Amino acid sequence: MFVINEIAAISETGAAAFEQDDDFEMLEKAIPGNIKLFEALLENSPDNYRLLILLSRLYASYSFAFFEGKLEASLLTSACSDSPEQERLKESVNRYYRKGADYALRALKTSYPEADEKFKNPGVADIFLEKMTREDVPALFWYGFNLGSFINLNRDSVYFISKAYLAEKIMNRVTELDPDYYYGGAHLFLIAYYSSMPPYSDEKLKLSLFHYSRLKECKGDTFLFADLYYGRYYLWRRQEKEKFEEVMNGIMQYSGRKKEYLFYNTIAAQRAKIYLQATGLLFE
């Protein structure tokens, strides 16, 4: 058990190192091997919080970086919808986000065995989340991220859309407990959520803009995903085409190489290019 804990502790640093690299070909090949290693270790320590969080984080990062982008590009640029390739990609993305959510929920249940039952009722979930502390943020964030990402890809399902409130509540709680956690990722999630999740309203757009402003205050201009989500979701919802094009071009032309954000800034530039190519589809 001691050895597993030591490996998990070292691997937390390794996971961060992955996110400071922009060699995507190498990373896409390396991450699955690490996932399988951690899953093997988990068999011998099934309630190991660190391993559960690592697995949730890696499944989320792997799906987001290497599958969701390909799926979105295909959906926005392909003349054919529901192609076999799109179905294959969607199946992979859904599978990885489900696994990521399951691992994060297991991590949360190491401290709160009743978590899954509490989350089934909106009113009870609010009260339950108030019990959470800063120490619970990793499990909360990765559960909310994986769950919310899964829901976003399955908006044609009334059942999954009915669960969107939970991802929203979880991410808002994360912003209260530790707003800077994982590059301010809860703010990033809420930028997209309030601009794109029905029912739409001006009040929700104001909330989207609020979380964008908070993220910019926290990360400045060097974390490109803040502007990417602002453009892709907020400006798209407002149909501000010229501003959208300005923001996306700015992301693509950014020349900074801040190591901390290298992985995600590289993804942001790739997505900005895709969104610019799909301007005619995104804007009337």
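In this predicted model, Phe24 has a relative accessibility of 13% and therefore counts as buried, since the cut-off for that class is under 20%. Phe66 is also buried, with a relative accessible area of 3%. The two side chains form one of the 39 aromatic pairs in the model, and because their ring centres lie 5.7 Å apart while their planes stand at 70°, the pair of Phe24 and Phe66 is classed as edge-to-face. Phe24 belongs to helix α2, which covers residues 24-44, and Phe66 belongs to helix α3, which covers residues 49-77, so the pair ties together parts that are 42 residues apart in sequence.

Another edge-to-face pair is made by Tyr62 and Phe67, whose ring centres are 5.2 Å apart and whose planes meet at 70°. Tyr62 counts as buried at 10% relative accessibility, and Phe67 is likewise buried, with a relative accessible area of 8%.

Helix α3 also holds Leu54, which is buried with a relative accessible area of 2%. From the C-alpha of Leu54 to the C-alpha of Glu39 the distance in space is 9.9 Å, although the two residues are 15 apart in sequence.

The nonpolar interior can be considered next. In soluble globular proteins, nonpolar side chains tend to be buried together. The largest nonpolar core of this model has 101 residues, and Phe119 and Phe225 are the members that touch the most others. Helix α3 supplies the largest share of this core, with 16 residues. When neighbours within four places in sequence are left aside, Phe225 is in contact with Phe64, Leu188, Tyr264, Asn265, Ile267 and Ala268.

Helix α6, which runs over residues 122-130, shows how buried and exposed residues can be divided around a helix axis. Its buried residues are Ala125, Phe128 and Leu129, and because these cover an arc of only 95° around the axis, they are placed on the same side of α6. On the other side of α6, Ile127 and Glu130 are exposed. The buried residues of α6 pack against three other helices, namely α5 (115-118), α7 (137-152) and α9 (164-177). At the N-terminal end of α6, Asn121 acts as a cap, with a side-chain oxygen that lies 3.0 Å from the backbone nitrogen of Gly123.

One of the helices that α6 packs against, α7, contains Ser149. This serine counts as buried, at 12% relative accessibility, and a polar atom of the Ser149 side chain lies 2.7 Å from the backbone oxygen of Phe145. Once neighbours within four places in sequence are set aside, the residues in contact with Ser149 are Tyr97 and Phe189.

In two places an arginine is set over the ring of a tyrosine that follows it in the numbering. Arg95 lies over the face of Tyr96, at 5.1 Å from the ring centre, and the charged end of Arg232 sits over the ring of Tyr233, 5.2 Å from its centre.

The backbone has some features that deserve attention as well. Tyr183, in helix α10, has a phi near 60°, which is a positive value in a residue other than glycine, and at 12% relative accessibility Tyr183 counts as buried. After α10, which covers residues 181-196, comes a loop that leads to α11 (202-219), and Pro199 lies in this loop. The peptide bond from Pro198 to Pro199 is cis, with omega near 0°.

A positive phi is also found at Gln239, where the value is about 55° although the residue is not a glycine. Gln239 lies in the loop between α12 (224-238) and α13 (241-253), and with a relative accessibility of 31% Gln239 counts as partly exposed, whereas Tyr183 counts as buried at 12%.

Note on methods. Residues numbered from 1 in each chain as written. Predicted model: local features only at pLDDT ≥ 70, side-chain atom pairs only at ≥ 80, totals over all residues. Heavy atoms only, no water. Buried < 20%, exposed > 50% of the residue type's maximum accessible area, 1.4 Å probe, protein only. Helix = DSSP H or I, 4+ residues; strand = E, 2+ residues; numbered from the N terminus. Arc of directions from axis to C-beta. Contact = heavy atoms within 4.5 Å. Polar contact = N/O pair within 3.5 Å; in protein donor to acceptor, adjacent residues only side chain to side chain. Phe/Tyr/Trp six-rings, centres within 6.5 Å; stacked < 30°, edge-to-face > 60°. Lys NZ or Arg CZ within 6 Å of the ring centre and 35° of its normal. Core = buried A, V, L, I, M, F, W, Y, C linked by side-chain atoms within 4.5 Å.
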